[in-house]
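Grab a pencil and work through these exercises with the model open beside you. Try each task before you read its solution.

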Amino acid sequence: IANEGTEASFKALSGQQKKIIHIATHGFYHNKDSRGGDKDNPLLRSGLFFSGADNVYNGAPIPEGLEDGVLTAQEISTLDLQGLDLVVLSACETARGDISSDGVFGLQRGFKMASADAILMSLWKVDDDATQVLMTEFYKHWMAGKSKHEALKIAKNRVRSYAKWASPQYWAAFILLDGIE
């Protein structure tokens, strides 16, 4: 069920003690001045799109018994992701959120409330091809024994080595929250 790309299949991971979750989809963050989400709750203004999310935005009815495909940070915060060493959000704008004296309220807050240890996420819209190379390099070096932070640094440098992706817009968006080893 975890390979179906649905909101329900993701929620089914709650309590499963997974070590790594990689989500390659579309992410979103709506600030208070934009349309969408609850204007007062930042955990409802950030999330991930899964299969069926287009129905919400096109105004199509959601079939009875199915999730809407829009997984908010609020919904993530209610899950049990204990034991999750790393969640990779290979999507646009997954590190964005409301900034307060208590930190950033967005997807990262939802995942931390659900007990994720480390989160690899992006600050802005990312290029699909450059991101594929970055993720491949990250996993290659992390699985070879480098720390998460060192693997990300190496992966960013690899993407930068391509002339067409030398600009920071292609590699600098990804950050790693926590993951201290």
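In which sense do strand β5 (residues 86-89) and β8 pair, and over how many bridges? They pair in the parallel sense, over 3 bridges. Before we go on: this is a predicted model, where local features need pLDDT of at least 70, side-chain atom pairs count only at pLDDT 80 or more, and totals for chains, interfaces and linings use all residues. Residues are numbered from 1 along each chain as its sequence is written, and side-chain values use heavy atoms, with hydrogens and water left out.

**Exercise 1. Follow the neighbours of β8.**

Step 1: Learn the terms. Strands (E, at least two residues) and helices (H or I, at least four) are DSSP runs, numbered from the N terminus, and two strands pair if DSSP finds at least two bridges between them.

Step 2: Look towards β5. Val 87 has Ile 119 of β8 as its bridge partner.

Step 3: Now find strand β9 (residues 174-177). It runs antiparallel to β8, and 4 bridges join the two. Here Ile 119 turns up again, standing opposite Leu 177.

**Exercise 2. Work out how covered β8 is.**

Step 1: Use the cut-offs: buried means under 20% relative accessible area, exposed over 50%, and partly exposed in between (1.4 Å probe, protein chains only).

Step 2: Count along strand β8 (residues 118-122): 5 of its 5 residues are buried.

Step 3: Sort the side chains. In a regular strand they alternate between the two faces of the sheet. Ala 118, Leu 120 and Ser 122 point one way, Ile 119 and Met 121 the other.

**Exercise 3. Find the edges of a sheet.**

Step 1: Pick out the open sheet of 3 strands, which has the order β2-β3-β4 and antiparallel pairing.

Step 2: Spot the edge strands. β2 (26-29) and β4 (70-72) each have a single partner strand, so one side of each has no neighbour in the sheet.

Step 3: Check one pairing. β2 and β3 (residues 46-49) share 4 bridges, and Tyr 29 has Ser 46 as its bridge partner in β3.

**Exercise 4. Classify a ring pair.**

Step 1: Apply the rule: rings of Phe, Tyr and Trp (its six-membered ring) pair if their centres lie within 6.5 Å; planes under 30 degrees apart are stacked, over 60 edge-to-face, the rest tilted. That gives 7 aromatic pairs.

Step 2: Take Phe 10 and Phe 111. With 6.3 Å centre to centre and 85 degrees between the planes, the pair is edge-to-face.

Step 3: Place the two rings. Phe 10 is in helix α1 (residues 7-11) and Phe 111 in helix α4 (residues 107-113), 101 residues apart.
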